[in-house]
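Work through the exercises below with the sequence and the coordinates side by side. Each task is followed by a solution that proceeds step by step.

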Amino acid sequence: MKKTYYLLLLFTIILQRLVAQDIPVSGIITSSDDKSPLPGVTILVKGTTQGTTSDINGKYSLLAPSKGMLVFSFVGMQTQEISVNSRKVINIKMSDQDIPLGELVVVGYSSTSKKLISSSIETVNEDEIKNIPIRTLDGVLQGQTAGLTVSTQSGTPGGQNMIKLRGGSSINASNQPLIVIDGIPAITGQYSQVGMSGQEINAISDINPNDVETMTILKDASATSVYGARASNGVILITTKKGSRDKTDVSLNLSYGWQTLPKDRIIPMMSADDWNAYKGTNVKGINTDWMSEILQTAPTANTELSVSCGNDKYRLFISGNYYDQDGVVMGTSYQRYSGRINADYKILPNLTIGGGVGITYSKNARVEGDATLNGPLPNAMSIPAIYPVYDTNGQYDESMFYANPVAIAKNSINNAFTNRTAGNAYVEYKFLDGFTFTSKFGIDIYNLREHSYDPTTTRQGKKYNGLGIEGTSYASNLTTNNVLQYIANIKENHNIDILIGQSFEKYSNRTTYIEGINFPNDNLQYMTSAGIIRAASAKSLDRVLNSFFAQIKYNYKFKYIFTLTARADGSSKFGKNNKYGYFPSVSFAWRMSEEPFIKKVKWINELKLRAVYGLTGNDGISDFASLGLYQAGYNYGGGSGIAPFQLPNPDLKWESTTQTGLGFDVSLFKNRVNLNFDLYYNHTKDLLLDRPIPASSGFYIISSNIGQLENKGIEVVLNTVNIDKAFTWTSSLNFAMNRNKVLSLYEGQPIPPQGRGGNAVQVGEPIGIFIGYKCLGVDPTTGNLVYEDLNGDGIIGDADLTKTGDPNPDFTTGFTNVFGYKSFELSIFLQGVYGNEIFNGTLIYLESGTGEDNQTARMNGRWQKPGDITQFPRVGDSYKSSRFIEDGSFLRVKNITLSYNFNKKWIKHIGMKSAKVFGTIQNLFTFTNYTGMDPEVNYYGGSSNIIIGTDFFTYPQSRTILVGLSFVF
């Protein structure tokens, strides 16, 4: 009996082996998205440890039971189980992971799914950019991101904006976020040498927003520390458009518009009759409206043409742009010609090369601004109406105290020409199982040439028989990045992403400046014709930054997410004892929505908690601040000479900011409500400031790491789908509140008031508070201004100076609503700032009650006799006081766009894929209590962290009406 049993058992085993005989199986695994081969895919025989991985060409081979099951798995993609069914060739197409991980977002030197990010970031995508018909990058960002403040410093075409993220981390070093375009740090900032008194230009204005696909704003230490010593102020990553696979699109965008200065923002001034009564003069028959003489309705036009194409081997994007904007103040304009080519090509399935280049030429015509005697706008506001534009001989009248603004606007030449080339080239090689090596080289070259000439038809030109200035600025930034990345999925539940890299940058700057007078005539306006060269200089600068960085990302079941980042930066800027700085960070995120107890709550689609801690740096100080320097120009007896100029400080190092943050992201009701909340505390130490030293050393100051400050605040972003039927309505609200405070300075000594508004830095206060006298009003008996005597000594002096205002806002907000019905779409964007104060320095002159400046119409109600109750004095003074402090809060209807998309069935017969017509109004209304022309200006431009919130005859923003067409073929 036993023998029979063993025979049956042996027969059964042999039969099973015959039925389940292993056979050779092979195939190719590709991506269903772009049909590219997938290396590193794990293939296992189900229920066993028998398996293999695909090679660099996506090929695999193994032995498998003819009736068995193969399991194909790859990180970020859907796992597939395929029956063998005796097949010897099984080709597989793999699709993206079925777990909804959100859009792919560029972060640092890599990209990741948005839902797997453990840090604080925000993105502005292509669709959002299209809805904002502003043609500068910083202008597009205005009001779009919580915590990112983009303040328009003036309405000058192509002018500079001030960008701050979470309040700014420094007093004297840069507060500008690092801007990285396609992985290459971009040249930004002010390079002009010809002073235009706040009418500054910015290198970033040369980049066409239509070339941008996404902008990612990295806010906290976990997101930014991979950029180390330049990350304290945040990082803005800009990704330009790439070609489309398997289709060709030709896009054409056209728009034309008109700009005006809203009449309700023009300050009412005294008429000729008012002036006669005010000064006791008797000039009849003349009542010149000087503002009307220098303001104009200014056209603006934009033309963009782009081609996007590609297939599974290559992608190509080509674009061209012409942008033309005249200013509402005569004599101002901005023109930009730009082009871009981006391309990539797969040489092998695992080897890709690519790159891109953008070329820009621009011309910016400016006029002198606030702080001179030769600015069209301030002079037009200051000259009384009793003076004519032309004298009896038909020449420009120059009999008034200030130079004729019409003559300046029409005849002075102040042109800035830029040529910019920014490009990169890269190679990407995938090897072994999950390894990717990327090497990228990039360069940004910025050339600025300035030509200024005041002819003899202007007062200043006549004084010098022609005044000419030539300036050149050359800046280049050469960058190389080498990055090795390893991505793996371990036993299906563990996902790792390890990145190590090295970066090197060399920055160069060359400038020349020459100024001449006494020209033979106004047709010969270059330096070769000048009779006298009264100033000339040339400067040279080179600096380098060498960096190493690493990042480890780990998640378990896409639920528990950890990120560790570290960077070491070595800079030529700092002392020999501190050449390298080290910047680590750590963050954690918990996707609670993946927990069973949350999954039961059907109306919660996503819930993620985040925490971050890390260290970032700021190297944005002057070059060579750590070195002992000599300065030329100490000449004697016809011989040249030099002298010590600066003491060395070998211990000088980075400013460092410790950043701590908590936040959460939640999506509700089938993703119709999306809320992001962040709470942060940033503590900056080792502030780079000048420390006084004994005069016996031969010097007065030395650059040192002293002082501390903090920024703390909250940020909220709420996106909702309110109605989603035939009629649609979506909303996007962002809100940010930041509190800035100086914690310590050298021996507690404040930085004295600066600028026309008296901005100062004091321990326990925000940066840039206004210091002045507290004005109590006008004495009805004498008509004189009365100030508070704080120390009670009966004398108004320095001891009575006090804090009179704060230019930093309590909160900022942006609110966008988009309504759709059939083919119509209406977008309304509101921008708000609340709680900041402005020093209205314009009124120091225009409500002085003395001098030759025209006065505001309000001065008709000035004190004239004892007993008059008024806020306007008989005679004013130039004290910086609370009299000129005003509420700068505003709510601006920033943009309204109404568009109509033509029915695709109608237009396909003429070869079009889409067509849209739109109309836009920018800066339609500004609701504010501020009495100046624009609550969003600063006379000092963006070149100071301290001198902020001051208006002094500053060029205001205009109202713009645009109409346009967009086609895709």
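The exercises go from the whole chain to its sheets, its cores and some single residues.

The model is predicted, and local features need pLDDT of at least 70, side-chain atom pairs count only at pLDDT 80 or more, while totals for chains, interfaces and linings use all residues. Residues are numbered from 1 along each chain as its sequence is written, and side-chain values use heavy atoms, with hydrogens and water left out.

**Exercise 1. Describe the overall dimensions and burial of the chain.**

Solution. Begin with the secondary structure: the chain has twelve helices and 52 strands, where helices (H or I, at least four residues) and strands (E, at least two) are DSSP runs numbered from the N terminus. Next take the radius of gyration, which is computed over C-alpha atoms and compared with a globule rule of 2.2 Å times the number of residues to the power 0.38. For 969 residues a compact globule would have a value near 30 Å, and the 33 Å of the chain agrees with this. Along the principal axes, the C-alpha atoms fill a box of roughly 140 × 75 × 60 Å.

Then turn to burial, with buried meaning under 20% relative accessible area, exposed over 50%, and partly exposed in between (1.4 Å probe, protein chains only). By this criterion, 52% of the 969 residues are buried. Finally, define a contact as heavy atoms within 4.5 Å; among contacts between residues at least 6 apart in sequence, 68% join residues at least 24 apart.

**Exercise 2. Work out the strand order and the edges of two open sheets.**

Solution. Two strands pair if DSSP finds at least two bridges between them. One open sheet consists of four strands in the order S3-S2-S5-S6, with antiparallel pairing. Its edges are strand S3 (51-53) and strand S6 (80-83), and because each has a single partner strand, one side of each is left without a neighbour in the sheet. Within this sheet, strand S2 (residues 42-45) and strand S5 (residues 69-73) run antiparallel and are joined by four bridges, with Thr42 opposite Ser73 in S5.

The other open sheet has five strands in the order S10-S15-S16-S13-S14, and its pairing is mixed. Here strand S10 (121-125) and strand S14 (184-185) are the edge strands, each pairing on one side only. Strand S15 (residues 212-218) is joined to strand S16 (residues 235-240) by six bridges in the antiparallel sense, and Val212 stands opposite Thr240 in S16.

**Exercise 3. Follow the pairing from S24 through S25 to S26, including the turn and the loop before S24.**

Solution. Start in the loop between helix H9 (459-464) and S24, where Asn465 lies; this residue has a positive phi of about 55° although it is not a glycine, and with a relative accessible area of 34% Asn465 is partly exposed. Strand S24 (residues 467-490) then pairs with strand S25 (residues 494-517) in the antiparallel sense over 24 bridges, and Asn489 stands opposite Asn495 in S25. The hairpin of S24 and S25 has three residues between the strands, and Lys491 in this hairpin takes a positive phi near 50°. As a last step, S25 is joined to strand S26 (residues 532-556) by 24 bridges, again antiparallel, with Lys506 opposite Val544 in S26.

**Exercise 4. Which elements give two or more residues to the largest nonpolar core?**

Solution. A nonpolar core is a set of buried Ala, Val, Leu, Ile, Met, Phe, Trp, Tyr and Cys residues joined through side-chain atoms within 4.5 Å. The largest such core has 35 residues, and those with the most contacts inside it include Trp290, Met291 and Met933. The elements asked for are helix H5 (272-279), helix H6 (290-294) and helix H7 (376-382). Apart from this core lies another, of 21 residues, among them Leu137 and Ile163.

**Exercise 5. Characterise the surroundings of Thr660.**

Solution. First locate Thr660, which is found in strand S32 (residues 655-668). Its relative accessibility is 34%, so Thr660 counts as partly exposed. Leaving aside neighbours within four places in sequence, the residues in contact with Thr660 include Val612, Tyr613 and Tyr681. The C-alpha atoms of Thr660 and His683, which are 23 residues apart along the chain, are separated by 8.7 Å.
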